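The exercises below are meant to be worked through with the sequence and the model side by side. Try each task before reading the solution that follows.

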Amino acid sequence: MSLEFLFASGIGVLAAGGFWLLLRARTFDVILGLTLLSYAVNLFLFAAGRLAPGRTPLLKDGVAPLLANHTDPLPQALVLTAIVISMAMTAVMLVMAVQARVANATDHIDGRESRA
């Protein structure tokens, strides 16, 4: 299998798992689903810079400054920024979920207990 197929499959699995967890009725599952979706989006942004193993995003002496010889550094910078933002938002959501759990005595989104 090719590297691109494995990478795309990984993005698909993360996105599918994230969507499935978003449809659950518990707050922690929803937070995990959003986290998985953010991972999928980060990988998608990283793939937008072309998968180029062994190529550097920086210009080197003796190597022609062509896109064929280098990888695009902008998606890498976007992914680093997105990782920091998603970690901060996950922490905020976890604090809000814990406070809602304490206030409502349940972690269901609609406030009701399920039978399962």
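**Exercise 1. The chain as a whole**

What percentage of the 116 residues of the chain count as buried? Find also the helices and strands of the chain and the order in which they follow one another.

Solution. Keep in mind that this is a predicted model. Begin with the elements: the chain has three helices and zero strands, and along the sequence this gives the pattern α-α-α. Turn next to burial, where 22% of the 116 residues count as buried. The accessible surface of the chain comes to about 8200 Å², and 71% of that surface belongs to carbon and sulfur atoms. Finally, take the contacts between residues at least 6 apart in sequence: 51% of these join residues at least 24 apart.

**Exercise 2. The spans of two helices**

Work out what span the 21 residues of H2 and the 32 residues of H3 should have, and compare each with the distance between the end C-alpha atoms.

Solution. The step to remember is that the expected span is 1.5 Å times one less than the number of residues. For H2, with its 21 residues, the expected span is therefore 30 Å, and the end C-alpha atoms are 30 Å apart, which agrees. For H3, with its 32 residues, the expected span is 46 Å, and here too the distance of 46 Å between the end C-alpha atoms agrees.

**Exercise 3. How H2 and H3 pack**

Describe the packing of helix H2 and helix H3 by angle and distance, and then list the residues that make the contact.

Solution. Two packed helices are described by the angle between their axes and by the distance between those axes. Helix H2, residues 27–47, and helix H3, residues 73–104, pack at an angle of about 175 degrees, and their axes are 9 Å apart. Since angles over 145 degrees count as roughly antiparallel, H2 is roughly antiparallel to H3. On the side of H2, the contact is made by Thr-27, Phe-28, Ile-31, Leu-34, Thr-35, Ser-38, Asn-42, Leu-45 and Phe-46; on the side of H3, it is made by Pro-75, Gln-76, Val-79, Ala-82, Ile-83, Ser-86, Thr-90, Met-93, Leu-94 and Ala-97. Sorted by class, the contact of H2 with H3 has twelve nonpolar, seven polar and no charged residues.

**Exercise 4. Buried residues in H2 and H3**

Identify the buried residues of H2 and of H3, and say what packs against them or covers them.

Solution. In H2, the buried residues are Asp-29, Val-30, Ile-31, Gly-33, Thr-35, Leu-37, Ser-38, Ala-40 and Asn-42, and they pack against helix H1 (3–22) and H3. In H3, the buried residues are Pro-75, Val-79, Ser-86, Thr-90 and Ala-97, and what covers them includes H2. Ser-86 serves as an example from H3: its relative accessible area is 14%, so Ser-86 is buried. Leaving out residues up to four places away in sequence, Ser-86 touches Ser-38 and Asn-42.

**Exercise 5. Leu-21 and Asp-29**

Is Leu-21 buried or exposed, and with which residues is Leu-21 in contact beyond its neighbours within four places in sequence?

Solution. Leu-21 lies in helix H1, and with a relative accessible area of 13%, under the 20% cut-off, Leu-21 is buried. Beyond those neighbours, Leu-21 is in contact with Asp-29, Val-30, Leu-32, Gly-33 and Leu-36. Now look from the other side: Asp-29 lies in helix H2 and counts as buried at 15% relative accessibility. With the neighbours within four places set aside, Asp-29 is in contact with Leu-21 and Arg-24. To compare sequence with space, take Leu-21 and Leu-37, which are 16 residues apart in sequence and 9.7 Å apart from C-alpha to C-alpha.

**Exercise 6. The end of H3**

Describe Ala-100 and Ala-105 by their place in the chain and their accessibility.

Solution. Ala-100 lies in helix H3 and counts as partly exposed at 31% relative accessibility. Ala-100 and Thr-27 are 73 residues apart in sequence, with 9.1 Å between their C-alpha atoms. Apart from its neighbours within four places in sequence, Ala-100 is in contact with Ala-105 and Thr-106. Ala-105 is found in the segment after H3 and is exposed, with a relative accessible area of 59%. Its phi is positive, about 60 degrees, although Ala-105 is not a glycine.

Conventions: Residues numbered from 1 in each chain as written. Predicted model: local features only at pLDDT ≥ 70, side-chain atom pairs only at ≥ 80, totals over all residues. Heavy atoms only, no water. Axes fitted to C-alpha atoms, helices over the stretch in contact; angles between N-to-C directions. Helix = DSSP H or I, 4+ residues; strand = E, 2+ residues; numbered from the N terminus. Parallel < 35°, antiparallel > 145°, perpendicular 65-115°, else oblique. Contact = heavy atoms within 4.5 Å. Nonpolar A, V, L, I, M, F, W, Y, C, P; charged D, E, K, R; others polar. Buried < 20%, exposed > 50% of the residue type's maximum accessible area, 1.4 Å probe, protein only. Areas by Shrake-Rupley, 256 points an atom, 1.4 Å probe, with all protein chains shown as cover.
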